[in-house]
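Open the model in your viewer and keep the selection box handy. We will visit two pockets, then some packed helices.

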Amino acid sequence: MKVEIDDNSGFCHGVVTAIRKAEEEMKAEGPLYCLGDIVHNSMEVDRLAKQGLHTIDHDTFASLSNTRVLLRAHGEPPTTYEVAQRNGITIIDATCPVVLHLQQTIKKAFLESDPDSTQIVIYGKIGHAEVNGLVGQTNGTAIVVEGPDDLVKVNFNKNIKLFSQTTKSIDGFKAIVELIKERINPACDFQFNDTICRQVANRIPKIVKFVAQHNLVFFVSGAKSSNGRVLFNECKRHNDNIVMISGPDEIDFSLLAGVESVGICGATSTPKWLMEEVKKAIVDHMEANA
């Protein structure tokens with residue numbers, strides 16, 4: 001039986017950089033705080049915790065002083081930096097450059113807009129860390145839409161400036177654009193900005209090609225990963241025989257019966273070492289039952 005890992009799966013640039021920064025800081029200065037999970041994968045979070053990376057929430061962050069805190073690739077709203085300055089916290093900023101540029105673009109659009117006539121709309125997951133950071137650039141006034149149903153929040157008799165969370169689906173964004181075009185008052189202005197990360201978006205054609213080549217696919221992803229859900233759903237459209245697992249402990253080996261080719265892939269938050277462990281578990285099982 002052939003067992004293959006998708007070469008194009010695994011951490012994106014932003015996550016790789018954040019983890020490298022964390023490991024370098026811990027090696028040089030010792031244990032380090034991280035505001036939120038550094039990546040939406042519990043096993044990678046556990047691995048780094050053993051090295052001294054302590055994950056904290058915003059309440060704990062606000063209670064700290066004179067210490068070091070790493071900001072993950074997702075980015076943070078301006079209020080986080082204000083708290084750090086007040087409390088003497090040294091920020092190790094690992095915000096992804098793509099996210100940082102988007103934050104700056106949204107802030108500029110907000111400052112240049114009249115709130116009485118223009119709405120900043122963000123296509124993204126409500127409550128997601130990146131989206132919270134984006135909304136923060138507008139003093140909390142941006143409207144977040146996850147899908148067509150959320151467009152009821154938008155006033156179509158006002159101008160609209162639309163942006164997207166970097167890890168959302170391009171097709172989903174295009175669908176929102178078309179719906180707004182259909183509904184907006186012709187007298188109003190509609191500006192839309194495709195701010196989706198192409199390193200992430202370009203994985204879709206590669207990963208769907210990969211899953212189509214295998215009889216059975218294990219998609220390795222943490223339950224919290226927004227990108228994982230997007231990629232998994234795209235993969236399922238091209239191969240219905242795909243299962244999402246968080247690690248080797250969740251493999252249902254009964255699915256391997258009669259299968260000639262197994263593919264292993266994952267999200268931008270899935271470490272390569274974890275996919276390797278899934279492959280090893282499958283190979284070991286097949287050899288033990290040969």
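**Stop one: the largest pocket**

This is a predicted model. Begin with its largest pocket, which holds about 320 Å³ of space. To find the centre, select Cys12, Val15, His74, Thr167 and Thr268. Of the 24 residues that line this pocket, these five lie closest to its centre.

Now colour the helices that help to build the wall. Helix 1 (13-29), helix 5 (97-111), helix 8 (198-201) and helix 10 (226-238) are the elements that each give two or more residues to the lining. Which of them gives the largest share? Helix 1 does, with 3 residues.

Next, colour the lining of the largest pocket by residue class. You should find 14 polar residues, 9 nonpolar ones and 1 charged one.

**Stop two: the second largest pocket**

Move on to the second largest pocket, with a volume of about 190 Å³. Select Arg72, Gly127, His128, Ala129 and Asn132. They are the closest to the centre among the 13 residues of this lining.

Show helix 6 (residues 129-136) as well. Helix 6 supplies 3 residues, the largest share of the lining of the second largest pocket. How many residues of each class line this pocket? There are 6 polar, 5 charged and 2 nonpolar residues.

A word before the helices. Two packed helices are described by the angle between their axes and the distance between the axes. Look for both at each stop below.

**Stop three: helix 5 and helix 6**

Keep helix 6 on screen and add helix 5. Their axes come within 8 Å and cross at roughly 30°. That angle is under 35 degrees, so helix 5 counts as roughly parallel to helix 6. The crossing of this pair is right-handed.

Show the side chains at the contact. Helix 5 brings Val99, Leu102, Gln103 and Ile106, and helix 6 brings Glu130, Gly133 and Leu134. By class, the contact has 4 nonpolar residues, 2 polar ones and 1 charged one.

**Stop four: helix 9 and helix 10**

Hide that pair. Select helix 9 (residues 203-211) and helix 10; their axes come within 9 Å and cross at roughly 45°. Is this pair roughly parallel or oblique? Helix 9 is oblique to helix 10 because of that angle. Helix 9 and helix 10 also make a right-handed crossing.

Zoom in on the contact. From helix 9 come Ile204, Ile207, Val208 and Val211. They meet Leu231, Glu234, Cys235 and His238 of helix 10. Count the classes here: 6 nonpolar, 1 polar and 1 charged.

**Stop five: helix 1 and helix 2**

Go back to helix 1 and add helix 2 (residues 42-49). The two axes come within 11 Å and cross at roughly 15°. Helix 1 is therefore roughly parallel to helix 2. The crossing of helix 1 and helix 2 is right-handed.

Which residues of helix 1 and helix 2 meet? Ile19, Glu23 and Met26 in helix 1 touch Glu44, Arg47 and Leu48 in helix 2. This contact has 3 nonpolar and 3 charged residues, with no polar ones.

**Before you close the viewer**

Switch on the largest pocket once more and show helix 1 beside it. Helix 1 gives 3 residues to that lining, and helix 1 also passes helix 2 in a right-handed crossing. Then turn to helix 6. Helix 6 gives 3 residues to the lining of the second largest pocket, and its Glu130, Gly133 and Leu134 take part in the contact with helix 5.

Notes
Residues are numbered from 1 along each chain as its sequence is written. This is a predicted model: local features need pLDDT of at least 70, side-chain atom pairs count only at pLDDT 80 or more; totals for chains, interfaces and linings use all residues. Side-chain values use heavy atoms; hydrogens and water are left out. On a 1 Å grid over the protein atoms alone, a cavity is a set of points where a 1.4 Å probe fits but cannot get out, and a pocket is an open set with protein on both sides within 12 Å along at least five of seven lines; lining residues have an atom within 4 Å of a point. Grid points are joined across faces, edges and corners, and a volume is the space filled by probe spheres set on the points. Helices (H or I, at least four residues) and strands (E, at least two) are DSSP runs, numbered from the N terminus. Ala, Val, Leu, Ile, Met, Phe, Trp, Tyr, Cys and Pro count as nonpolar, Asp, Glu, Lys and Arg as charged, and the others, Gly among them, as polar. Axes are lines fitted to C-alpha atoms, for helices over the stretch in contact, and angles run from 0 to 180 degrees between N-to-C directions. Angles under 35 degrees count as roughly parallel, over 145 as roughly antiparallel, 65 to 115 as roughly perpendicular and the rest as oblique. A crossing is left-handed if the near helix is turned anticlockwise from the far one by less than a right angle, and right-handed if clockwise. Contact means heavy atoms within 4.5 Å.
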